[in-house]
Amino acid sequence: MKYVAEFRQPELIHKLAGEIRRTVTKPWTIMEICGGQTHAFMRFGLESLLPPEIELVHGPGCPVCVTPLELIDKAIAIASRPEVIFCSFGDMLRVPGSHADLFRVKAAGGDVRVVYSPLECLKIARQHPNREVVFFAIGFETTAPGNAMLVWQARQQGIRNFSMLVSHVRVPPAITAILSSPGNRVQGFLAAGHVCTVMGYWEYEPLAERFRVPIVVTGFEPVDLLQGLLRTVRQLEAGRHEVENAYERSVTREGNRPAQELIARVFEPCDRTWRGIGLIPDSGWRLRPEFAAFDAENRFPVGDIQTQESSVCISGLVLQGRKKPHECPAFGTSCTPAHPLGATMVSSEGACAAYYRYRRSL
């Protein structure tokens, strides 16, 4: 398969792993930002090829995992209303709220639907003009353009029975929060290639300079990941701190300018709470005032919901690279994919789900 098989060639993988082993002279802690990268490392067994000096920790780049509990509870409250058709990507249905999840709402008779494209919501809204269609808009910079287009088209088409529950987050403020934390151990980053396909990597350059850390834009295939890791290690060993692009077939420094312009027309920056981490200033997007009519939080009375987070789950520490999933006392016992306590166990990009699924050495 073109553009896949050539990035999984065993000869190239072992060559890169060997080069990493020859380059490393001291311990380094490196974070892969994206949960997709975490899963790829484990799925292909890449960590077993690395020298013991390299410790990989897993970042907050799973959109399902960082959607705050308050928004999950609001989604459940809205989806439970009889007049609502609640649309979401499939991952969100099993994420636990304070007392339930969206699957339970659906099982109890709620009209909860899985969509594969946000624009499906407009078709549903046109088919059901007497009902309210709500889309759960989560994600990083990767999903923001599509969700922005959804609202833009809803306004253009005069669709009034549609709204969106927004929980968009941004990567650069999360990197700032991790590196500013007193408990930070991260010395280098593998930046998520799909995010940079949209946003470019110019936003990372001031961060690399300010915190003196290398940031390497990396794809998701084994050769991509090991190339990114090798470039990061070379910088660390040489005492450099630059932004490099190891995903040139998809990413440019400037990114996708039309997508960025659409995001800026529909959304504006805001402070955002990340599940298990807390408030990160300027880390989210919300609808601009001219699109307030499409904001589900304005349309439905969900402002006074009280949340209750699990007292056992340590997903917040996992998402900051301060703990590994297997260090949680509930991992694999009271917390499993069938009965998750936190989003990191239920999401297809969650670090706890990756550890559970691929069973690397603990």
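Here are some short exercises on the structure above, each with a worked solution.

This is a predicted model, in which local features need pLDDT of at least 70 and side-chain atom pairs count only at pLDDT 80 or more, while totals for chains, interfaces and linings use all residues. Residues are numbered from 1 along each chain as its sequence is written, and side-chain values use heavy atoms, with hydrogens and water left out.

**Exercise 1. The overall fold**

Work out how many helices and strands the protein chain has, and how its radius of gyration stands against the globule rule.

Solution. Start with the secondary structure, where helices (H or I, at least four residues) and strands (E, at least two) are DSSP runs numbered from the N terminus. The protein chain has 16 helices and 11 strands. Next, take the radius of gyration over C-alpha atoms; the globule rule is 2.2 Å times the number of residues to the power 0.38. The chain's radius of gyration is 21 Å, close to the 21 Å that the rule gives for 362 residues, so the chain is as compact as a globular protein of that length. Along its principal axes, the C-alpha trace spans about 65 × 45 × 45 Å.

Now turn to burial: a residue is buried under 20% relative accessible area, exposed over 50%, and partly exposed in between (1.4 Å probe, protein chains only). By that measure, 56% of the 362 residues count as buried. Finally, look at contacts, meaning heavy atoms within 4.5 Å. Among those between residues at least 6 apart in sequence, 78% join residues at least 24 apart.

**Exercise 2. Cysteines**

Find how many disulfides the structure has, and which cysteine sulfur is nearest to that of Cys 87.

Solution. A disulfide is a pair of cysteine sulfur atoms within 2.5 Å. Searching the whole structure with this cut-off gives 0 disulfides. Cys 87 is in none, and its nearest cysteine sulfur, that of Cys 121, is 4.1 Å away. For the surroundings, check accessibility: Cys 87 is buried with a relative accessible area of 0%, and Cys 65 is buried at 2%.

Cys 65 leads on to another residue, Thr 344, which is found in helix H15 (residues 343-346). Leaving aside neighbours within four places in sequence, Thr 344 is in contact with Cys 65, Ser 315, Leu 319, Gly 350, Ala 351, Cys 352 and Ala 353. Thr 344 is itself buried, at 2% relative accessible area.

**Exercise 3. Helix H8 and the residue before it**

Decide whether helix H8 is largely enclosed or open, then describe the surroundings of Arg 170.

Solution. Helix H8 covers residues 171-180, and 7 of its 10 residues are buried, so the helix is largely enclosed by the rest of the structure. The buried residues are Val 171, Pro 172, Pro 173, Ala 174, Ile 175, Ile 178 and Leu 179.

Step back to Arg 170, in the loop between strand E6 (162-169) and H8. Arg 170 is buried, with a relative accessible area of 11%. Its contacts, leaving aside neighbours within four places in sequence, include Glu 141, Glu 203, Trp 274 and Asp 282.

**Exercise 4. Positive phi**

Find where Arg 212 and Asp 282 lie, and whether each is buried, partly exposed or exposed.

Solution. Begin with the background: most residues other than glycine have a negative phi. Asp 282, a contact of Arg 170, has a positive phi near 60°. Asp 282 sits in strand E11 (residues 278-287) and is partly exposed, at 38% relative accessible area. Arg 212 has a positive phi near 55°. Arg 212 lies in the loop between helix H10 (205-211) and strand E8 (215-218), and is exposed at 54% relative accessibility.

**Exercise 5. Two strand residues**

Identify which residues Thr 29 and Ala 191 touch, not counting those up to four places away in sequence.

Solution. Thr 29 is in strand E1 (residues 28-34) and is buried at 9% relative accessibility. Thr 29 touches Glu 55, Val 57, Arg 185, Val 186, Gln 187 and Gly 188. Ala 191 is in strand E7 (residues 188-192) and is buried at 1%. Ala 191 touches Ile 33, Gln 37, Cys 196, Tyr 204, Ile 215, Val 216, Val 217 and Thr 218.
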